[in-house]
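Here are three short exercises to try with the structure open beside you. Have a go at each task before reading its solution.

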Amino acid sequence: MSRTDPLVIFTPSGKRGTFPTGTRVLDAARQLGVDLDSVCGGRGICSKCQVAPSFGDFSKHGITSSPGALSEWNSVEERYKSIRGMIDGRRLGCQALIEGDVVIDVPPESQVHKQVVRKSADTRDIVLDPATRLYYVEVDAPDMHEPSGDLERLSKALAEQWDLPGTTCDLRIMQQLQPALRKGDWKVTVAVYQGNGPDEARIVHVWPGYYEGTLYGVAIDLGSTTIAAHLCDLRTGKVLASSGIMNPQIRFGEDLMSRVSYSMMNPGGAVEMTKAVRTALQALINTVAEEAAIDPALIFEAVFVANPVMHHLLLGIDPVELGQAPFALATSDSMSLLATELDLDVHPSARVYILPCIAGHVGADAAAVALSEAPHRSEDLVLIVDVGTNAEILLGNTQKVLACSSPTGPAFEGAQISSGQRAAPGAIERVEIDKVTKEPRFRVIGSDKWSDEDGFMAEAGTITGICGSGIIEAIAEMRMAGLVDPGGLIGSAAQTGTERCVANGRTHEYVLFEGDGTSPRITVTNGDIRAIQLAKAALYAGARLLMDQMGVDEVDRVVLAGAFGAHISPMHAMVLGMIPDCDVEKVTSAGNAAGTGARIALLNVSARREVEANVRKIVKVETAVEPRFQEHFVAASNIPHATEPYTKLRKIAPLPDVSFNTNGEDGGRRRRRRG
């Protein structure tokens with residue numbers, strides 16, 4: 001098609017294509033393999049195909065998306081909205097026609113294969129010392145001979161019976177106090193918040209008599225791509241519900257700098273992104289409350305961790321200063337706010353605690369990882385890598401802790417991959433390739449069977465694509481099977497000895513799954529490999545910079561953190577060269593360490609003081625201005641590396657010494673000395 005045709009970009013999948021003017025959004029989505037639901041056959045009845053167009057300048061995509069990019073609101077959409085309701089700004093994909101370049105977000109509820117946000121809570125033992133507690137007190141009745149207010153007598157009772165001197169409250173509590181005291185016959189249960197130290201004790205709720213219920217808090221890991229929430233019982237520490245959603249800001253840019261750019265180029269862009277994420281947070285809180293069958297009004301606390309850009313957008317602060325040197329934060333300190341200041345509809349007096357940031361590109365999420373994994377207490381040298389769209393990296397021991405961030409981009413999340421998708425049922429997540437026959441076998445999310453086992457298709461259902469962990473394993477397996485050379489080129493059928501390697505323009509692709517009429521054909525292309533090479537090179541270069549600063553060439557152990565890091569094989573990560581060479585048994589997963597750090601801060605008020613003190617001691621390394629970053633990046637683009645021998649890895653996973661070119665079927669394979 002000519003580029004005079006409009007360009008359509010779908011998020012969060014990142015899939016794009018040009019289509020003739022007048023093409024229905026639903027038809028464009030189907031042609032691109034975008035996961036957009038429709039039950040009624042596009043007749044405007046089921047509303048499953050709702051989409052959210054985004055307007056503004058998208059420098060990353062090189063387009064401007066304007067309201068005129070879609071056809072005008074029509075009578076079918078108006079009828080549906082008037083009868084059943086529809087979120088403002090949403091369109092029906094079966095009704096909206098493409099008229100110009102446009103960015104279109106497919107919200108989670110419109111996706112056939114709902115997102116699996118794999119940021120579950122681990123079973124970490126946490127010393128329970130919450131900031132908000134319940135206290136049952138018996139208050140003196142009023143006495144005309146000793147005149148005093150009800151609040152003063154309640155404060156006196158708390159001081160005498162619970163050693164809580166100087167308690168205060170706001171006007172809302174004073175309005176509730178007298179009826180509660182009299183209904184409870186001068187016996188009440190109060191919730192008291194002491195999140196800012198022992199000198200502040202603030203009454204946030206009062207119940208008449210003895211309250212037999214509990215208090216709840218929510219720990220939230222606000223990531224660039226996904227948001228995870230863990231609802232906890234503040235009296236027992238138990239995680240009652242966990243859930244996650246895609247960050248709706250993806251439609252403004254898949255990576256952080258794209259969102260900063262959106263804010264720079266679109267007046268009101270930061271406000272728009274703040275509103276989007278706060279709305280999503282409320283929906284997520286409502287989801288975990290519903291799952292646990294509790295009233296959101298009983299949520300008295302929330303703790304947030306986030307990278308600096310997400311941190312600022314959550315707070316309603318324009319992140320423009322984070323997009324240019326010297327990358328100044330509005331504040332790096334921890335914050336304690338009212339939940340209402342963030343538009344959160346929970347308990348009216350609920351408090352929000354936001355962990356401190358380490359520096360302009362290393363945020364509260366990295367601080368939470370440091371709290372969870374405690375590198376400052378490690379006797380051996382530990383490298384902690386929180387793998388995500390923006391990777392946070394910590395290196396240290398009891399002597400010193402260094403930190404940096406590295407812009408890996410969304411490829412690890414399945415974006416920018418030809419058959420890529422987010423982690424959802426039907427996505428390939430595990431891959432093995434026979435070194436002799438070059439035949440693959442794989443597993444998909446939602447099934448425990450491998451593809452070569454009986455009953456696989458019946459259990460797996462439709463195979464929809466390949467997610468981040470799947471593409472990592474696929475490329476690493478291809479490298480070990482001699483299908484990919486150290487430079488990232490896929491060989492031809494003649495060069496590799498398998499008909500699964502087929503021509504794709506001037507390069508080749510490997511057919512992982514042929515398709516069956518219901519499920520699409522899934523391949524790994526040279527473009528896919530290049531996207532992963534760029535992401536993993538950025539990750540390795542960040543880690544190598546920290547090692548340079550520490551004056552070491554090896555680390556004792558590696559911890560992979562984050563939703564993605566928790567699901568990748570250490571050996572495959574090392575084959576790719578994502579992490580430095582290390583004994584594979586010394587590479588472990590910490591799960592969602594940032595989320596665990598958020599839970600620790602929620603359930604233990606002393607941990608907040610600890611993390612506030614520790615972040616001041618962490619030494620920040622700024623990759624954006626380090627001259628050796630580019631040098632490390634280029635060398636790390638090879639698989640696994642251009643110069644590092646990876647001797648420990650090769651003991652367990654020998655890598656074929658091959659090289660391919662694109663000049664023909666024969667003569668394109670030669671011996672190499674290193675790779």
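**Exercise 1.** In this predicted model, find the order of the strands in the open sheet of six strands and name its edge strands.

*Solution.* Start with the order, which reads 28-27-18-19-20-29, with mixed pairing. Next, look for strands that pair on one side only: these are strand 28 (587-591) and strand 29 (619-620). Strand 29 runs parallel to strand 20 (residues 401-406), and two bridges join them. One bridge partner to locate is V619 in strand 29, which faces L402 as its partner. Finally, add helix 8 (residues 364-373), which packs on the sheet and touches strands including strand 19 (391-396), with about 40° between their directions.

**Exercise 2.** How are helix 3 and helix 4 oriented to each other?

*Solution.* Take the axes of helix 3 (residues 150-162) and helix 4 (residues 171-183): they come within 10 Å and cross at roughly 75°. Angles of 65 to 115 degrees count as roughly perpendicular, so the two helices are roughly perpendicular to each other. Helix 3 makes the contact with D150, L151 and L154, and helix 4 with M174, L177, Q178, L181 and R182. Sorted by class, that gives five nonpolar, one polar and two charged residues.

**Exercise 3.** Classify the aromatic pair of Y135 and W162, and say whether Y135 is buried or exposed.

*Solution.* The ring centres are 5.1 Å apart and the planes stand at 70°, so the pair is edge-to-face. Y135 belongs to strand 8 (residues 132-138) and W162 to helix 3, so the pair ties together parts 27 residues apart in sequence. With 8% relative accessibility, Y135 counts as buried, whereas W162, at 41%, counts as partly exposed.

Conventions: Residues numbered from 1 in each chain as written. Predicted model: local features only at pLDDT ≥ 70, side-chain atom pairs only at ≥ 80, totals over all residues. Heavy atoms only, no water. Axes fitted to C-alpha atoms, helices over the stretch in contact; angles between N-to-C directions. Helix = DSSP H or I, 4+ residues; strand = E, 2+ residues; numbered from the N terminus. Parallel < 35°, antiparallel > 145°, perpendicular 65-115°, else oblique. Contact = heavy atoms within 4.5 Å. Nonpolar A, V, L, I, M, F, W, Y, C, P; charged D, E, K, R; others polar. Pairing = 2+ DSSP bridges. Phe/Tyr/Trp six-rings, centres within 6.5 Å; stacked < 30°, edge-to-face > 60°. Buried < 20%, exposed > 50% of the residue type's maximum accessible area, 1.4 Å probe, protein only.
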